[in-house]
Amino acid sequence: MFLECSGDPNAGPIVILASGRGLGTADSWALVQQKLPSSIRVCSYDAIGAGRSDHVQESPQSRSIDQVVSEMHSLFQAAGLKQPYVLVGASAGGILVRRYQQQYPHEVGGLVFVDSSHEEMEWRDAAISPQMDPNWNNPAFLRDNGFLPDHQRLTWRADIPLIDLERSEKIPLSAFPSMTQRQVDAINYEWHSFQVDLARRSRYGEYRLVAGSGHMMHRQKPEAIADAIRDVVTQVGSEPLIAEATDRDQCVRI
């Protein structure tokens with residue numbers, strides 16, 4: 001697997017950036033990584049089957065979330081990344097880093113969710129409109145992607161530093177032409193409720209609405225993500241931060 005790190009090699013905690021369900025590439029985090037100061041050690045990676053990591057015959061999407069978590073853990077161990085980690089997950093990556101924290105709680109010191117998906121979203125969105133996703137009640141799809149089955153509630157909680165960032169831009173009616181405005185409004189309301197719920201899952205949790213941002217926040221508002229990362233790193237107990245960002249280190253292959 002391909003891993004790219006920047007910042008002080010001796011700094012801690014180490015920040016690790018995960019996109020989607022851990023199936024993306026380090027390049028998607030480039031703007032965020034560039035915004036972080038040299039006093040923070042931050043790493044991003046290419047998942048198996050993507051970018052500069054090894055490619056496999058099977059589709060990357062065919063691997064379950066637990067398999068992806070196992071690959072992450074193996075990468076971090078092989079690279080000798082010092083614990084604890086601050087894990088940052090965007091979209092479905094939020095579910096991924098929660099699953100990682102659940103399986104390896106002593107390795108994770110803090111979390112940042114970037115417009116994160118929620119484990120209950122498939123069945124709750126389907127209650128508004130089953131057209132949102134035809135797989136909403138498919139047991140294999142739900143299990144492999146970390147979603148909960150119909151009417152099952154999320155029990156995860158972690159009393160560690162946590163910031164949840166939500167986009168300010170709402171989904172327009174044009175994105176779902178088969179739905180009514182009332183249904184789209186309800187979908188947007190549910191998304192907001194997911195973000196508030198996630199922020200409340202830690203006694204140290206904080207919710208932030210990011211003005212002028214859509215779902216691709218890591219490209220539209222990388223500075224907002226960098227600010228949240230700095231704040232969580234400070235809470236976890238890092239050294240004093242330096243304001244200016246630096247160039248990325250040379251890439252490393254593990």
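In this predicted model, the side chains of Arg201 and Asp197 meet in a salt bridge, with an N to O distance of 3.0 Å. Arg201 is buried, its relative accessible area being 13%, whereas Asp197 is partly exposed at 24%. This pair is one entry in a total of 13 salt bridges.

Another of these pairs links two helices. Arg124 and Glu190 form a salt bridge through their side chains, at 2.7 Å from N to O. Because Arg124 belongs to helix 4 (residues 121-128) and Glu190 to helix 6, the pair ties together parts that lie 66 residues apart in sequence. The C-alpha atoms of Glu190 and Arg124 are separated by 7.9 Å. Both partners are withdrawn from solvent by the criterion of under 20% relative accessible area: Arg124 has a relative accessibility of 16% and therefore counts as buried, and Glu190, at 13%, counts as buried as well.

The surroundings of Glu190 can be described further. Glu190 is placed in helix 6, which spans residues 181-199. When neighbours within four places in sequence are set aside, Glu190 is in contact with Arg124, Asp125 and Ile128.

A salt bridge within a single helix is found between Arg230 and Asp227, whose closest N and O atoms are 2.1 Å apart. These two residues are 3 residues apart in helix 8 (residues 222-236), so about one helical turn separates them. Asp227 is partly exposed, with a relative accessible area of 33%. Elsewhere, salt bridges with shared partners join Glu120, Arg124, Arg153 and Glu190 into one network; the pairing of Arg124 with Glu190 has already been described.

The nonpolar interior remains to be considered. In soluble globular proteins, nonpolar side chains tend to be buried together. The largest nonpolar core here contains 37 residues, among which Tyr45 and Leu111 touch the most other members. Helix 2 (residues 65-78) supplies the largest share of this core, 6 residues. A second, separate core holds 23 residues, including Leu17, Val42, Val86 and Ala228.

Leu111 merits a closer look. Apart from its neighbours within four places in sequence, Leu111 is in contact with Val86, Leu87, Val97, Gln101, Trp156, Ile160, Pro161, Leu162, Ile163 and Val232. One of these contacts, Val86, is a member of the second core.

Technical notes: Residues are numbered from 1 along each chain as its sequence is written. This is a predicted model: local features need pLDDT of at least 70, side-chain atom pairs count only at pLDDT 80 or more; totals for chains, interfaces and linings use all residues. Side-chain values use heavy atoms; hydrogens and water are left out. A nonpolar core is a set of buried Ala, Val, Leu, Ile, Met, Phe, Trp, Tyr and Cys residues joined through side-chain atoms within 4.5 Å. Buried means under 20% relative accessible area, exposed over 50%, partly exposed in between (1.4 Å probe, protein chains only). Helices (H or I, at least four residues) and strands (E, at least two) are DSSP runs, numbered from the N terminus. Contact means heavy atoms within 4.5 Å. A salt bridge is a side-chain nitrogen of Lys or Arg within 4 Å of a carboxyl oxygen of Asp or Glu.
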